[in-house]
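Trainee: I have a new structure open and I'm not sure how to read it. Could you walk me through it?

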Amino acid sequence: MQILFKNIDMKGLANIDIYEKQGGYQSLKKAFAKKPEEVIEIVKVSGLRGRGGAGFPAGLKWSFLAKDVFPRYLACNADESEPGTCKDRELLEKNPHLLIEGIVATCYACQIETAYIYFRGEFQHASDLMDKAIEEAHKKGYLGKNIMGSGLDLDLYTHLGAGAYICGEESALLNSLEGRRGEPRLKPPFPAVEGLYGKPTVINNVETLCAVPWIVNEGGEKYAAIGTEKSKGTKLVSVSGHVKKPGNYEIVLGMPVREIIFDLAGGIRNDNRLKAFIPGGSSVPMLTADKVDVGYDYESLQEAGSMLGSGALIVMDHTVNVVEVTLRLAYFYMHESCGKCTPCREGTRWMWQILGKIQTGEGVGAQVDKLLDICDNMSFKCFCPLGDAAVGPVASSIKCFRSDYDELIKKLEGDKVAT
Amino acid sequence: MSKDNNINITINDQPVSVPKGTLVVEAAKQIGIEIPVFCYHEKLGPFGCCRMCLVEVEKMPKLTTACTQTVMPDMVVKTESPKVVKAQQGVLEFTLLNHPLDCPVCDKGGECPLQDNTFKFGPGTTRMEFDRANQDKATPLSPVITIDRERCIACQRCTRYSDIIEQEQALVMLNRGFNNEVNTFNDEPYTTKYSGNVIDICPVGALTNTEFRFKARTWDLNNSATLCAHCGCNCNMTLASRTNKFMRVETRPNDLVDDGWICDKARFGYDFIESDNRIIEAISLVGGERKAVNTFDAAIQVAESLKKIADEHGPKSIGFIGSPFGTNEELYLYHKLFRLELRTNNLDHKTYSDTPGLPVDHYDFLNIETANLVLLIGSDSAEELPILDLRIKKAVTHKGVKLAILNDQKTDLDKVADLSLKYDVGLDGIALAALANSLATELGIPAVEVSSSDESLTGIAVDQMKKMSELIRTATKVCVVYNPASLTGNSIFMLKHLLGVINKIPTMECGAIPAAPFTNSVGAMDMGILPDYYPGGVSISDSDKVQKIWGDSAFLDAKGFSALEMIDKAESGELKALLVYRSNPVVDFPEGKRIEAVLKNLPLLVVHDMMKTETSALADIVLPSNGPGYDEGTTTNIGGRVQYRKRGLNTTNSPDWKIISKMINSLSEKPIEYLTSFSVTEELSKMVPGYNEISKKSIKKEGKTREKIEYINGSTPEIQKIDSSGKGLRLRIATQLFSKDKVLDASSPLAHHFLPPTLCLHESDALKLDLFNGDQAVLTANGIDVGVTVEVSDRCNPGAVVVPRVSDDQGLLRLASSGSVSWVEVRKG
């Protein structure tokens with residue numbers, strides 16, 4: 001089932017003429033024939049959930065916009081920064097018009113006249129391509145004044161971030177877009193009530209918005225028929241790590257992880273043994289190999305003790321030193337913590353320091369318990385989800401592979417005695 | 001808000017009822033439950049970054065921050081549950097993880113929220129086994145603030161202060177994560193007018209007062225709850241000393257006056273109280289030689305000499321030039337000395353026209369926030385009354401109050417104003433009349449006679465003035481803030497006429513704040529230091545009232561001379577003796593050079609002051625005045641609030657009130673011995689209309705607003721003809737908050753704020769004069785030359801110049817004339 005990746009490798013798809021030949025921009029006619037609230041209803045019926053990480057139902061989010069407050073804004077989150085995730089990049093670079101089409105339909109549904117695409121700082125190339133696509137769309141009348149006679153005026157702008165992971169968090173993204181320091185804002189008020197420039201704002205991930213044209217074209221029910229009971233539709237999964245064919249794959253939600261790893265991605269490299277996998281990007285807890293038959297959908301992964309997150313499946317074979325992996329991830333979160341709240345700013349650094357000590361052989365047994373306690377002191381006590389995300393890999397790696405830690409400490413202590 | 005709108009919650013099983021929207025942390029405070037905080041500050045609002053205030057709320061899955069959570073009906077909050085205690089200890093462990101252990105030498109020690117919270121809520125031990133982060137221990141953020149970045153816990157109070165309160169965004173967070181730091185853009189010094197407040201709100205010892213660093217332990221300080229004696233705001237402050245040496249100044253929040261903030265002049269501008277330039281003993285010129293004499297003997301000598309001259313040449317031959325910097329008690333006693341004993345009305349304290357009383361309510365600072373339009377006239381509040389400026393900014397940006405400005409120069413507040421109009425320098429009277437007329441016609445009030453050719457002279461387009469009157473007309477509560485000292489000629493009467501007109505708009509609530517930039521100008525007028533009014537706004541011609549209050553013999557026939565008239569009379573020889581109290585006419589009055597010559601030749605010049613001045617140098621007798629830091633008494637701020645200025649340092653010198661009462665008693669048939677300054681307060685509360693409720697008890701802590709002073713309605717004023725005889729350009733001297741004078745001398749920690757002598761010249765005039773930015777120019781008037789550097793700007797309309805008063809040495813006032821408008825010639829130099 002290909003919804004997002006249909007024609008994705010077609011040459012020249014980024015060109016508007018070729019995109020149109022594939023049926024591009026047709027959903028707008030359908031959308032404009034309906035009332036805005038009817039379009040929201042279609043998306044609600046489809047069960048489309050936010051593909052950025054939180055999985056919040058998109059249609060519901062749109063219906064939360066503060067009533068009768070204008071102007072409203074749309075900010076498309078293209079700050080794809082979650083380690084392991086590279087799905088949006090492929091959509092942006094290969095099929096920019098799909099996103100523009102999705103944005104126009106969404107802006108019509110939400111009565112928005114100004115939209116922004118917030119790219120992560122490194123996506124210069126994607127942003128350049130998008131600028132070109134926007135120009136093409138303007139020329140064809142898919143953007144600008146009175147689009148296709150619908151009465152909708154829409155201007156779409158691209159904006160490059162300055163290289164901060166935290167700006168993928170929606171309120172930090174808004175701060176950054178406004179030219180402020182990339183730090184999360186206090187919620188409530190939620191962006192749907194007071195977002196960009198204090199006005200009601202819709203923030204959706206690239207992949208979410210890209211699903212909108214198909215839903216409008218084919219109807220919400222048809223989309224809702226795909227996937228599991230609560231996880232509807234298809235999902236792009238970025239498979240990375242020790243697999244033979246790493247890459248982005250579009251799956252129907254609910255597909256067992258085993259099929260993704262062993263069928264789509266060709267199995268483990270050198271036919272090694274699977275040790276662990278992180279199902280939804282570095283922020284979610286890792287799972288051990290025995291969970292490989294879990295369905296890849298929001299509910300099943302949660303039941304298994306992890307999350308679907310941004311859809312980045314990181315696969316590790318039996319050669320992996322889990323402590324080293326955790327140390328590297330801890331470094332990432334320390335480096336990316338914005339520093340606004342105390343537990344995240346101090347805790348991420350402290351955990352990295354302790355993990356480093358364990359990894360280099362200066363650790364002692366009690367430190368693993370101390371790490372767990374630090375995780376507890378951070379969990380759900382930080383200002384924004386980055387703190388919890390930083391806890392994810394540390395706490396789960398200890399939970400899943402405590403013996404790896406203990407053995408490392410023991411072995412290195414043994415080495416010390418030997419020398 | 002009525003009780004019905006309250007929300008009931010329980011905290012630690014204690015019920016509390018609070019208004020909707022109250023934060024949990026504030027609700028807890030009301031029932032004596034302390035929820036520890038670092039980043040939360042009531043003036044800055046919720047932020048939630050330090051995570052210190054985590055509490056458990058029933059039915060909420062996670063702990064929540066009490067400083068961001070508003071109360072919800074039937075909420076059940078726990079602040080001491082095991083979960084909360086674990087979280088508090090965890091957060092404190094994180095906070096202290098890299099905090100240096102230098103409490104023994106830290107300036108904040110003893111008054112440090114981090115110490116206190118650790119003591120009460122901390123884990124007791126640390127599990128940190130790594131070296132603590134090292135940073136530079138003392139980085140100057142400015143000449144007056146030093147930052148110790150090791151101690152910073154990144155609560156962002158200071159940066160939010162700079163953003164929300166002073167609205168400069170001068171102090172910001174740089175870098176991210178563990179490496180974030182409080183800093184300025186491009187490492188420029190942090191030199192706003194209100195920078196020092198960040199020292200007070202810093203919950204650790206990161207932001208320190210450079211002057212106070214390592215000078216004393218806070219618990220060894222002797223703290224005096226006093227008032228600032230600089231501008232007319234009278235902000236509340238704590239003056240700390242140790243072994244009778246000045247140590248530091250801090251805020252002492254009073255929402256009714258300062259909203260919890262003081263400006264940098266208040267915080268760093270008190271070195272003068274230990275200046276070598278202080279007058280600490282009486283000096284008498286005996287046989288051409290200056291000799292130190294006993295203060296009381298000198299005082300008696302002064303009283304007797306004045307009496308002798310008054311007896312010989314009539315009471316008109318003596319005069320008193322007082323000061324808007326004295327306390328009510330001191331000024332009241334001087335009124336008694338001159339009116340009741342020496343029987344003259346020659347009293348004044350200013351060089352501009354003003355009268356007590358307003359045709360509208362006398363508003364206080366809170367009214368600025370509750371009005372829907374603030375009309376600012378002739379006031380550059382940032383330079384003149386900085387804390388008033390903060391209040392206006394707060395009202396405009398956070399309370400939705402509109403701001404309309406009518407001024408002859410551009411000011412900082414223009415950028416937040418809804419409408420800002422500039423009239424030509426010296427044409428304030430016509431501009432005010434035009435505005436009043438635009439409102440008066442439909443109210444059936446007779447218009448002031450202004451010819452349309454005159455009106456076109458103001459420099460304000462007719463449609464713009466119309467916009468201004470529309471703003472006023474569509475408001476329901478207008479607060480007019482005006483600086484009487486910036487108005488020329490008799491424009492103050494036109495302003496009061498305008499107030500009366502606004503007040504007549506149906507359903508309009510209107511009040512005014514007379515915002516003169518001096519400590520106690522309202523008090524000085526209330527105490528009758530005016531040639532035409534007894535204390536409490538009683539006209540000297542109202543014999544009934546004068547006699548009723550002051551006794552049958554108190555009424556004086558002769559009208560008094562104003563301060564400037566006294567100088568003229570001294571020049572002509574009619575006036576033989578002057579007592580100048582805490583005033584420096586040679587520098588602060590127009591035509592200082594002439595004044596210097598006049599005073600030199602005056603048969604008797606007595607100066608009673610705390611600092612040696614250009615005027616005291618000419619005096620025959622000098623009496624020491626204690627002044628701020630050493631004196632005590634009440635002052636009345638521009639909002640009409642009477643507060644008590646407490647002594648901060650001890651002195652063996654006699655207080656001013658004792659010296660003045662010694663003079664009175666030496667002449668009086670019924671001497672009164674006052675025991676303390678409050679004995680004078682008690683007496684004046686009985687004698688001064690409007691002050692009846694003022695007492696030691698009633699002004700405790702927050703002070704008390706004095707009752708409205710009666711306004712004596714005059715007839716519709718007439719437009720004063722503008723003196724166009726002058727040559728060159730009209731001169732506007734602008735007040736600078738930080739100017740090199742007797743208060744802030746060259747050694748002041750604020751010296752970095754001093755501007756070079758500057759001339760703000762409009763582009764069109766600059767073209768005519770062939771002057772460019774950065775050129776040296778010479779200003780000439782009254783035979784005096786003053787050198788300046790040209791700054792081409794649109795600070796004022798063409799035809800005039802704005803010259804900031806940057807120092808006493810500059811002699812700028814010598815260029816001014818005592819007429820309504822001063823003219824100055826400008827040439828390349």
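**Reading the model step by step**

Mentor: Let's begin with how chain B is wired. Take contacts in chain B between residues at least 6 apart in sequence: 72% of them join residues at least 24 apart. Keep in mind as we go that this is a predicted model.

Trainee: Since it's predicted, what are the confidence scores for the model, ipTM and pTM?

Mentor: Both ipTM and pTM come out at 0.95. For chain B, the mean pLDDT is 95, and 99% of its residues reach 70 or more.

Trainee: How do I judge the overall form of chain B? What radius of gyration does chain B have?

Mentor: You compare the value with what a compact globule would give. For 829 residues that would be near 28 Å, and chain B has 28 Å, so the two agree. Along its principal axes, the C-alpha trace of chain B spans about 85 × 65 × 60 Å. Of its 829 residues, 55% count as buried.

Trainee: And how many helices and strands are there in chain B?

Mentor: Chain B has 23 helices and 37 strands. The domain assignment splits chain B into domain 1 (3–97), domain 2 (282–354 + 521–565 + 631–705), domain 3 (364–514) and domain 4 (729–828). Notice that domain 2 of chain B is written as three segments, 282–354 + 521–565 + 631–705.

Trainee: How do I read the way two domains meet? Which residue classes are on the side of domain 2 of chain B that touches domain 3 of chain B?

Mentor: Look at the centres, then the contacts, then the classes. The centres of domain 2 and domain 3 of chain B are 33 Å apart, taken over C-alpha atoms. Nine residues of domain 2 of chain B are in contact with 10 residues of domain 3 of chain B. The domain 2 side of that contact has three nonpolar, four polar and two charged residues.

Trainee: Let me try chain A. What domains is chain A divided into?

Mentor: Chain A has domain 1 (16–224), domain 2 (234–317) and domain 3 (322–418). Between domain 2 and domain 3 of chain A, the centres are separated by 23 Å over C-alpha atoms. Eight residues from domain 2 of chain A and 10 residues from domain 3 of chain A make up the contact. On the domain 2 side, five are nonpolar, three are polar and none are charged.

Trainee: Now the chains together. How many residues of chain B are in contact with chain A?

Mentor: 25 residues of chain B are in contact with 23 residues of chain A. Helix 2 (residues 82–97) gives the most to the chain B side, with six residues. By class, that side has 14 nonpolar, seven polar and four charged residues.

Trainee: Can you show me one residue in detail? Where is B:Phe178 placed, and is B:Phe178 buried or exposed?

Mentor: B:Phe178 is in the loop between strand 8 (171–174) and strand 9 (181–184) of chain B. B:Phe178 counts as buried because it has 20 C-beta neighbours inside 10 Å. Leaving aside neighbours within four places in sequence, B:Phe178 is in contact with A:Met334, A:Gly339, A:Arg345 and A:Arg349. B:Phe178 and B:Asn98 are 80 residues apart in sequence, yet 9.9 Å apart in space, C-alpha to C-alpha.

Trainee: What about the nonpolar core? Which residues touch the most other members?

Mentor: In soluble globular proteins, nonpolar side chains tend to be buried together. Here the largest nonpolar core has 395 residues, and A:Ala75, A:Cys76, A:Val104, A:Ile260, B:Val374 and B:Val801 touch the most other members. Helix 16 (residues 385–418) of chain A supplies the largest share of this core, 11 residues. Not counting residues up to four places away in sequence, B:Val801 touches residues including B:Leu729, B:Leu759 and B:Val826.

Trainee: Last one: which backbone details should I look at?

Mentor: Most residues other than glycine have a negative phi, and most peptide bonds are trans. The bond joining A:Phe70 and A:Pro71 is cis, with omega about -5°; A:Pro71 lies in the loop between helix 4 (58–63) and strand 1 (73–78) of chain A. B:Asn244 has a positive phi, near 60°. With 10 C-beta neighbours inside 10 Å, B:Asn244 counts as exposed.

Terms used. Residues numbered from 1 in each chain as written. Chains lettered and ligands numbered in written order. Contact = placed C-beta atoms within 7 Å. Helix = DSSP H or I, 4+ residues; strand = E, 2+ residues; numbered from the N terminus. Nonpolar A, V, L, I, M, F, W, Y, C, P; charged D, E, K, R; others polar. Core = buried A, V, L, I, M, F, W, Y, C linked by C-beta atoms within 7 Å. Buried ≥ 20, exposed ≤ 12 C-beta atoms within 10 Å, placed from the backbone. pLDDT = per-residue confidence, 0-100. Domains from an automatic or database assignment. Rg over C-alpha atoms; globule rule 2.2 N^0.38 Å.
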